[in-house]
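Here's a quick briefing on how two chains meet, plus a look at the cysteines. Have the model open while you read.

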Amino acid sequence: MTTSVKDYVTYDTDVLVVGSEGAGARAAIEVTDRGSTVILATKGRVGRTGATMTAGADFTADGKSLKDYCGLTGDDRDSPEKFFEEIVTEGLFLNNQELVETYVEGAPIALKDMLDWGMKIFGVESAHFQEMVRGVRTNGPLIARTLRNVVKKRTIRVLEDTMVLDLLTDGNRVVGAFGLDMNTGEFVAFKARAVILATGGWQRAWSFTSAPYELTGDGQAMAYRAGAEMIDMEMIQFIPWVILGPPRFKGHIHIYHLYAQLDEGSLVNSSGERFMERYDPDRLEHTSKEILSLGILSEVAAGRGSPSGGAWVSFKGADRDRIKEISEKSIRMGRWFEIATEDWVQKVMNGEDLEIGAAAHYMIGGIRVNGKIETNIPGLYAAGECNGNLWGATRVASAISEVILEGRRAAISAVEYARGSADARIDWEQVGSIREKLLRPLEQKNGRSPIEMRRRIQRIADENVNMLREGEKLQSALEELEEMRGEIAGDVAVQGSRTRRYNLEWIEALQLENLRQCLELTAASALHRRESRGAHFRSDYQQCDNDNWLKNTVIRHEAGERKVSSKPLVITKLQPPGGVMTYREALGMELASIKGKKEEK
Amino acid sequence: MADEGKKITVECFRFDPDTDPQPSFRKYEVPFVRDSSVLDVLEYIYEELDPSLSYYASCRRGICGRGNIKVNGKARLSCGELVTGDLKLEPTRPGRVVRDLKVEDI
């Protein structure tokens, strides 16, 4: 049902899904297959947006289920229990074990569906550098295309180039959402019995990321505003081996394949030193992703970074045929991507240096959900990257499996809830005040530039909320971000055109508060966790302290205040060990200390 | 990495169907940066010279495929196209312009 009211269109549906890729598309398919009505709203175009399409990508599931359930070459030495144990152990025990169970049980089911729908695979995947089969190799575009084809065949109302900006609530229940059709500039109101958020991360808060532009934390921020709990927002995966320069290749992550399979890759700083000798003299560049990211960030912090804020990478001496062979295998992600990749690979083969850096890659923390992907708010679900705590402190298996199986699981919960819930009732006064807030940057005459404000958020993120953390820096980030809240709410104005048609500046203005809010929660959580664990490294608290910090950081918004607390872990099967270790011991690495920083033993 | 103050001229298609009687081209002077893409140029214009410019960008690496525009008369992806000199930038489907270089999907 569609009705035109003033400058907004109203839609009525059982379930609204926000975000259209791995988690969102999969959720929408499941909702319709279970007989409920669904609207899929996406900031881009289905199959061509978000982080799914840019994934490498493997689809992990335990080897035994691959064989028994999916009918693939599996591995009897593996089992769901073994996979569970590895995820929790390598997540340094911070994981919500209910979510890990949902993952391990759901992965083979989700994979089987994808195979039945025609997803192409290239072969089997081994568990991280082990000889055991633990999934299949495919890639982002193939996954996105498979889901897009199924979405097209189902009765799913799809709204593209549409950003959802706030949730509508009735008491403590979510009853819909409000957003913007970016092409026409017309607002859209959704009346829905349940809403599934599948909006990805907030990587755009950093100037350097491997993620697409549209990941601006919209889902996390609107959920938080509506009263949802956020969990472990300090846990953000930064990955090294992302191209930083030349500018044309910025954000490419496939140089990782060259590094992983060639021994000749080396990293040097601005003085020409092979700096990983300082951080891991034995393994050098072949250390863990975390140590490598910390090494690069430490060099940059010490003023020895490359011009764009990373390190110089060189593959001098590497076998040209081998480079060609590796890159050809890893780049089958579409013609244009291949052309660009061939260009940088050519540079590598010509012996030209490239800059790489530690990029904001994947959000481990996010909206708090249980094993059924339910948030603490009735009617609200959060699937995929936008939720938190499946991976604990480090992610060791595929996020592609995660987003698809959680999309499916969220839909099952949402449909069940929608069937048993009373009709949604929209509070039109609430809609009016959201509308007024969204129009402010477009209508007010003078104010701060949205571009300048976004850059300011990115400067804070780059300098003070990267992976190499310190109490004072986090505190200063937090103060500046708190100060910006009022400025964003009342003092931002588009500087260029006042049109509502695909107005980039207005779109940026509407995303600012989401970026700011997510980064504030990250800084507050990182400040709260006075230890170092996996993706979170504090130079002022370098120990991994199982005696005091085996607990989650939970934040909720109460009466306009940010309430940070520690909550007990959700443990179903595996009891964590106690004891205090160094950060590197906890990662299972025996490494030289990060120079210049005090090491507590 | 700007090359000794060298600049390029970018002629860019501009059109807001709500307010403009017809499309026009606006000229911008942009610093030439070696190994940069047409998308880098669009971002420079938007961020430094004229925030009213509208175009589409998502993945920045040739995967989403939605950044297609005409570069010097040829259909290209803005993120994949190397900048070598002056540019003329137009929408791929002038009859379906949302605004400037952003077009409706077919």
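What follows covers the interface first and the cysteines second.

This is a predicted model, so to speak of local features takes pLDDT of at least 70 and side-chain atom pairs count only at pLDDT 80 or more, while totals for chains, interfaces and linings use all residues. Residues are numbered from 1 along each chain as its sequence is written, chains are lettered from A in the order in which they are written, and side-chain values use heavy atoms, with hydrogens and water left out.

**The interface**
- Chain A puts 39 residues into the contact and chain B 43 residues (heavy atoms within 4.5 Å).
- Together the two chains bury about 3,500 Å², with 51% of it on carbon and sulfur atoms (accessible area lost on being put together, 1.4 Å probe, summed over both).
- The rule finds nine salt bridges between chain A and chain B (a Lys or Arg side-chain nitrogen within 4 Å of an Asp or Glu carboxyl oxygen).
- R501(A) and D18(B) pair up in a salt bridge, 3.0 Å from N to O.
- On chain A's side, the elements giving two or more residues are α11 (335-349), α14 (450-464) and α16 (504-528) (helices are DSSP runs of H or I, at least four residues).

**The cysteines**
- The disulfide count is zero over all chains (the cut-off is cysteine sulfur atoms within 2.5 Å).
- For C64(B), the closest cysteine sulfur is in C59(B), 4.0 Å away and so too far for a bond.
- C64(B) is buried at 5% relative accessible area, and C70(A) is buried at 10% (buried means under 20%, 1.4 Å probe, protein chains only).

Note on methods
Buried means under 20% relative accessible area, exposed over 50%, partly exposed in between (1.4 Å probe, protein chains only).
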